[in-house]
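Colleague: Please take a close look at one part of this model for me. I would like one strand and its surroundings, described piece by piece.

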Amino acid sequence: MSIRERLSGNEAIATAMRQIDPDVFAAFPITPSTEIPQYFAQYVADGKVGTEYVTVESEHSSMSTCIGAAAAGARAVTATSSAGLAFMYEVLYVAASSRLPITLACVNRTLTGPININNDHSDSMGARDAGWLQIYAENNQEAYDNYLQAMRISEHPSVRLPIMICQDGFITSHAVENILLESDEDVKKFVGEYRPEHALLGRDHPLAVGPYDSCPYCMEHKVQQAEAMKNAKKVILDVAADFERTFGRKYGFFEEYRMEDAEVALVLIGSTAGTAKACIEKLRAQGVKAGLVKIRVFRPFPMEELAQALKNVKAVAVMDKSEGYSGCGGPLFAETRSACYDLDNPPKMIDVVYGLAGRDCAVEDIEKVYRHLLKIVETGDVGPRYIHFGQRSNQKEVL
Amino acid sequence: MSYIKAENINEQSPWQEMTPGGEIYEGGTSRLTKTGEWRSNRPVWDPQKCRQCLLCAPFCPDSSIPVKAGKRVDFDYDHCKGCGICWKVCPFEAITMEQEVHQ
């Protein structure tokens, strides 16, 4: 029986952590994820968890602590944002290549610079090639639920990769929402114990982790990592199915909202999905066949499944909440357009880079994007494919 | 996932038959890998001049001066990198450094 509560996204993640009671929490604060180690420090002080709470001097050290702890056989967690994640950059790759299932609560904040504390996805998108699994949440409930599923995916023997559980800074991390929590007992039962096959401590055989990997061997290990990332797709769906059986809430690689007959659709990540859903209801009432695909799992990227979800749509706007500075669109656009390349009749597609560094995006903004898609369908003219939206300008912009 | 032994992994091993992340499940496996191949200077030991003071052996950073029954024997050239520390610390000039000749 679920427990009705009202919590911020940070508090929801901290609650999940308390319920799971991990072995090690390596903590260094950074806005807007600071509350997670803050709440957790209170749980430690109150004796509500048995976790070894390690306060370190930097995020490079917090991730290094997690790597050491995970290699020792511990369930290790941390939380960070923005520049903190960037400071981990070197060791993120070490965690992944050493195949250590660490759970990182990423509260998305724009990556400095210019320095700014508000939300976009540039921090975790910057780490998208680091070999970490990445799961994103629309709201506090999803952040909590994703966290409960994280370790079973990450620790699975066919995966053994670290995982980021992402939510939008401030928008979800600090907004208090209604939430359904599960009991401590049910959470512990669902998540289970971590029993790695190999570990530095408590095993009857020696172990070396992360040795120098010379040219004749290193590529094979990277192929193993790539295979593990592919294997994760099945595990993610299996864990989601068990989550639904256990707690009744359904998850997949992405959520399709009013896609059954959609002619125009958005593909986006995170809290903007709520805004888009409100807009879709408004447009549907006017007879516009608008739909939404909200990406939940970005790594591994659900390429074939997304193409299937978009194959009958006439025009798609990918909404990138980060600038990839590729000169031709953001990271979600690159993946989505690549996914649709193999379709016989792919939808017309544009990239709308929006919401950078906390720039607001309201229902009427989303409506402008849908109206633009309708115009593309009507005229057959896609126009510029790489558009910024929400910035002030002294010339007429596309949106 | 398994306990693949280091001696069963070599430069012909397919990725499926290697350990995840290059993990090693036993000790002393560096003996299986010749790391002295890139040596450019080669220490040469002169047993006539050597007084067996054993100063060189503990200074060697790569454990490449084997000691047997209380006496040093010739260099382990499979692992010696030619750093020259042994030559530097030898009080009796029993070690000389020579240019390595690669075949």
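Modeller: What follows is a walk around strand β11 of chain A, from its pairing to the helices that cover it.

This is a predicted model, so local features need pLDDT of at least 70, side-chain atom pairs count only at pLDDT 80 or more, and totals for chains, interfaces and linings use all residues. Residues are numbered from 1 along each chain as its sequence is written, and chains are lettered from A and ligands numbered from 1 in the order in which they are written.

Start with the strand itself. Strand β11(A) covers residues 290-295. Helices (H or I, at least four residues) and strands (E, at least two) are DSSP runs, numbered from the N terminus. Six of the six residues of β11(A) are buried. Buried means 20 or more other C-beta atoms within 10 Å of a residue's own; exposed means 12 or fewer, and partly exposed lies in between, with C-beta atoms placed from the backbone. In a regular strand the side chains alternate between the two faces of the sheet. Here A:A290, A:L292 and A:K294 are buried on one side. On the other side, A:G291, A:V293 and A:I295 are buried.

Next, the neighbours in the sheet. Strands pair if DSSP finds at least two bridges between them. Strand β9 (residues 254-257) of chain A runs antiparallel to β11(A), joined by four bridges. A:F254 has A:I295 as its bridge partner, and A:E255 has A:K294. Strand β10 (residues 264-269) of chain A pairs with β11(A) in the parallel sense, over six bridges. There A:L266 is partnered by A:L292.

Now the whole sheet. Six strands of chain A form an open sheet with mixed pairing, in the order β9-β11-β10-β13-β14-β15. Its edge strands are β9 and β15 (386-389), each pairing on one side only. The twist averages 20° from one strand to the next. Angles run from 0 to 180 degrees between N-to-C directions, and axes are lines fitted to C-alpha atoms, for helices over the stretch in contact.

Helix α10(A) packs on this sheet, touching β9, β10, β11 and β13 of chain A. Contact means C-beta atoms, placed from the backbone, within 7 Å. The direction of α10(A) makes about 165° with that of β11(A). Helix α10 (residues 272-285) also joins β10(A) and β11(A) in a right-handed β-α-β unit. Right-handed means that, with the strands pointing away from the viewer, the path from the first strand over the helix to the second runs clockwise.

Another helix, α12(A), lies across β10, β11, β13 and β14 of chain A. It runs at about 150° to β13(A). Helix α12 (residues 331-340) is largely enclosed by the rest of the structure, because eight of its 10 residues are buried. Those residues are A:P331, A:L332, A:F333, A:E335, A:T336, A:R337, A:A339 and A:C340. Their packing partners in chain A include β10, β11, β13 (315-320) and β14 (348-354). Helices α6 (122-126) and α11 (303-310) of chain A are also among the partners.

To recap, β11(A) is mostly covered, with β9(A) paired to it in the antiparallel sense and β10(A) in the parallel sense.

Conventions. Two residues are in contact if their C-beta atoms, placed from the backbone, lie within 7 Å.
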